[in-house]
Amino acid sequence: MIGADGLARCAWGASTPDYAVYHDDEWGRPLRGDDALYERLTLEAFQSGLSWLTILRKRPAFRLAFDGFRIETVAGYGEADVARLMADAGIVRNRAKVEAAIANARAALELPEGLSALLWSYAPPPRAARPGSFGEVPAITPESTAMAKALKKRGFRFVGPTTAYALMQATGMVDDHLADCHVSGDRAGV
């Protein structure tokens with residue numbers, strides 16, 4: 001789809017100005033770092049059952065509410081923090097997801113290799129070519145299924161294969177930008 005600025009984007013990336021910025025500057029770009037990937041994993045879990053646009057627009061409030069998604073800080077949250085988060089109208093107030101975010105921070109602290117190394121170990125080799133349409137983009141893959149299984153085994157919650165694949169897409173572990181999209185598909189150095 002050609003945007004108002006004349007650039008070809010994946011159709012979803014041209015649907016709103018918020019999506020265009022996210023599509024062009026973040027989605028599909030390789031992201032590393034335990035705290036950065038913990039943030040994305042947490043937001044993908046909160047998105048479950050909701051629009052990504054809702055989460056994207058609430059991201060500044062999420063970052064504030066979850067202390068910048070610093071794993072060590074969130075892992076130390078207690079009942080008072082759960083109550084604070086459940087009272088915060090700026091975020092999605094779902095107790096199971098809030099408690100999962102805290103449990104996931106605690107589980108991430110236990111990973112000897114770190115969260116980033118574990119997640120990236122499931123990234124598949126780059127495709128020979130980008131998909132021509134979103135009909136060619138899977139919702140889950142063997143790699144996302146394996147990632148979800150490994151995370152659950154280590155105590156993570158709200159991390160099914162679909163959430164794992166969305167994380168892989170968002171953080172550049174896979175390149176699901178369409179063939180005619182203007183965003184570079186370079187995973188060099190990954």
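## A helical chain and its annotated site

C181 sits in the segment after α9, the helix covering 161–170. That is a good place to begin a tour of this structure, which is a predicted model.

**The residue and its surroundings**

C181 counts as buried, its relative accessible area being 7%. Setting aside residues up to four places away in sequence, C181 touches A8, R9, C10, H23 and R130.

One of those partners, C10, deserves its own look. C10 lies in the segment before α1, a helix running over 17–25. With a relative accessible area of 0%, C10 is buried. If neighbours within four places in sequence are left out, C10 is in contact with H23, F134, D176, H177, L178 and C181.

Here are the two cysteines side by side:

| Residue | Location | Relative accessible area |
|---|---|---|
| C10 | segment before α1 (17–25) | 0%, buried |
| C181 | segment after α9 (161–170) | 7%, buried |

**What the record says**

Which residues carry the "binding site" feature in UniProt? The unreviewed UniProt entry places that feature at C10, H23, H177 and C181. These residues span 172 residues in sequence, yet no two of their C-alpha atoms are more than 10.2 Å apart, so they gather at one spot. The contacts fit into this picture: C10 touches H23, H177 and C181, among others, and H23 is also one of the residues that C181 touches.

**The chain as a whole**

Now let us step back to the overall fold. How many helices and strands does the protein chain have? The count is 9 helices and 0 strands, and reading along the sequence gives α-α-α-α-α-α-α-α-α. The radius of gyration is 17 Å, close to the 16 Å that the globule rule gives for 190 residues, so the chain is as compact as a globular protein of that length. Along its principal axes, the C-alpha trace spans about 50 × 35 × 25 Å.

Contacts tell a further part of the story. Taking those between residues at least 6 apart in sequence, 68% join residues at least 24 apart.

**Burial, surface and charge**

Of the 190 residues in the protein chain, 47% count as buried; C10 and C181 are buried residues too. The accessible surface of the chain comes to about 8,800 Å², and carbon and sulfur atoms account for 55% of that area.

As for charge, the chain carries 22 positive and 23 negative side chains. The centres of these two sets lie 4 Å apart.

How values were computed. Residues numbered from 1 in each chain as written. Predicted model: local features only at pLDDT ≥ 70, side-chain atom pairs only at ≥ 80, totals over all residues. Heavy atoms only, no water. Helix = DSSP H or I, 4+ residues; strand = E, 2+ residues; numbered from the N terminus. Rg over C-alpha atoms; globule rule 2.2 N^0.38 Å. Buried < 20%, exposed > 50% of the residue type's maximum accessible area, 1.4 Å probe, protein only. Contact = heavy atoms within 4.5 Å. Areas by Shrake-Rupley, 256 points an atom, 1.4 Å probe, with all protein chains shown as cover. Lys, Arg positive; Asp, Glu negative; His and termini not counted. Charge placed at Lys NZ, Arg CZ, Asp CG, Glu CD. UniProt positions renumbered as here; feature names shortened; annotations may be inferred.
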